[in-house]
Amino acid sequence: MSTITMTEAPSSYKLELHTAYGPVFRDVLNTEPRDATEEEVPIVDLDGLFTSTESRKKIAQAVRTAGTNMGFFYIKNHGIDDQVIAKAKSQFLSFVQQDTKLKEKVSQDKSKYYNGWKAPRSTNISRTESVDVKESFSWRYHPENDPDHSQPLSSLPSEVQPWIRGEAFVWEGTSHIPNFKTDILKYWKSCLQLARHLVKVFALSLDLPEDYFDSRTTFPGADGVLNYYPVTTAEETAANSVGLGSHTDLQLFTLLWQDEVGGLQVLTKDGQWIKAKPRPGTFVVNIGDFMMRLSNDFFKSTVHRVYNRAPVERVSMPFFFGVIPTCTSPENPPKYEPISCGDWCQLRFKLEAERMAKMLAERETTTKLSAK
Ligand SMILES: O=C(O)CCC(=O)C(=O)O
Ligand SMILES: [Fe+2]
């Protein structure tokens, strides 16, 4: 009698993700996260980025490979000064260490457009996972802060004005921290300058003229976020809590500075979590949903999350870069209806805020019932 050996497939779970159009689901393996290989998340050398079209074309080759593979890569020789990064990080830590009352002065609850402070454990980006343990401080593009187009809002073309989402209260409410605005915006301006060059490389990697995005990046989506991940408590560890739950980024691409602590994980096509470990001197770059959409799915926006189990706090400083669309041809007709990047982001931000409000209301009802 012959015996048939069955190799059991590893078990998996369904992960729920947000998109601007509602939830989608992914199968994720229950295997331990492993380190990413250098092929999965490669290092792209930006040497020559600011020099010539020819040197940008070389970089574009590497970006094309990385962008169509995992949609995640590191960049080195990015030109952002270590001191600028260090100052932004230390200013953010001063902000975090303040009394809650002071942080509430710039609470996101006061914002129309998701600027300001979000308290720890106040968001839940993936319903399948726990609340997000992190706290964050966000600000959005305003031409007054843009060294290339420094001007008051009122002087912008009228069709652009409604898309400007920066709000002054975040700087007014932090003005008691010496040089906070200057140091944070110095970091943001460096990211903006780098992004405006990197977007040329992305254009080349899509066989477009390198200035393809230029008119659209005059007043870009350029959102800065500072994330603080406290040490995960014993209860949170037992509950398998995430620092920041599984999601894709929204815009064209993200420049992410992460400190040396680690915790960033990326989901492969096969549903395996892999760790994008910190590499000193680099930023992580990842493709956003909007780039995926306007490249007709050529580039991939990849699911990632932060799962921090280190015995120390962690800081990351992402910069989200976006523009207004079109990337189709008669041979490659659009798969999606046209939508502006601003509308696109607003759709999803709104869904998340509504869901969080609902969850808090449900929680309150449960507490009331159990107190009876
Ligand atoms: O903290 C990190 O490493 C990632 C942050 C992130 O994914 C985000 O803010 O969208
Ligand atoms: Fe992200």
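Reader: What is the order of the strands in the open sheet of 8 strands, and how are they paired?

Author: As a general idea, strands of a sheet pair through backbone hydrogen bonds, either parallel or antiparallel. In this predicted model, local features need pLDDT of at least 70 and side-chain atom pairs count only at pLDDT 80 or more, while totals for chains, interfaces and linings use all residues. Residues are numbered from 1 along each chain as its sequence is written, and chains are lettered from A and ligands numbered from 1 in the order in which they are written. The open sheet of 8 strands has the order β4-β5-β13-β10-β15-β8-β7-β6, with mixed pairing. Its edge strands are β4 (43–45) and β6, each of which pairs on one side only. Neighbouring strands of this sheet are turned by 25° against each other on average, direction ignored. Strands (E, at least two residues) and helices (H or I, at least four) are DSSP runs, numbered from the N terminus, and two strands pair if DSSP finds at least two bridges between them.

Reader: How many bridges join β4 to β5, and in which sense do the two strands run, parallel or antiparallel?

Author: β4 and strand β5 (residues 72–76) run parallel and are joined by 3 bridges. Val44 has Ile75 in β5 as its bridge partner.

Reader: Which strands of the sheet does α1 touch, and which does α5 touch?

Author: Contact between two residues is defined by C-beta atoms, placed from the backbone, that lie within 7 Å. α1 packs on the sheet and touches β4, β5 and β13 (283–287), with its direction at about 160° to that of β4. α5 also packs on the sheet, where it touches β8, β10 and β15, and its direction makes about 50° with that of β15.

Reader: At what angle do the axes of α1 and α5 cross?

Author: Two packed helices are described by the angle between their axes and the distance between the axes. Here the axes of helix α1 (residues 53–68) and helix α5 (residues 180–205) come within 8 Å and cross at roughly 70°. Axes are lines fitted to C-alpha atoms, for helices over the stretch in contact, and angles run from 0 to 180 degrees between N-to-C directions. Angles under 35 degrees count as roughly parallel, over 145 as roughly antiparallel, 65 to 115 as roughly perpendicular and the rest as oblique. α1 and α5 are therefore roughly perpendicular to each other. Residues of α1 including Ile59, Ala60 and Val63 meet residues of α5, among them Val201, Phe202 and Leu204. By class, this contact of α1 with α5 has 6 nonpolar, 2 polar and 4 charged residues. Ala, Val, Leu, Ile, Met, Phe, Trp, Tyr, Cys and Pro count as nonpolar, Asp, Glu, Lys and Arg as charged, and the others, Gly among them, as polar.

Reader: Which strands each supply at least two residues of the shell around ligand 1?

Author: They are β8 (221–229), β10 (253–258), β14 (304–306) and β15 (314–322). The residues surrounding ligand 1 include Asn227, Asp249, Gln258 and His304, where a residue is near a molecule if its C-beta atom, placed from the backbone, lies within 6 Å of it. The shell divides into 6 nonpolar, 4 polar and 1 charged residues.

Reader: Is Tyr114, with its positive phi, buried or exposed?

Author: A residue is buried if 20 or more other C-beta atoms, placed from the backbone, lie within 10 Å of its own, exposed if 12 or fewer, and partly exposed in between. Tyr114 counts as buried because it has 20 C-beta neighbours inside 10 Å. Its phi is about 65°, although Tyr114 is not a glycine.
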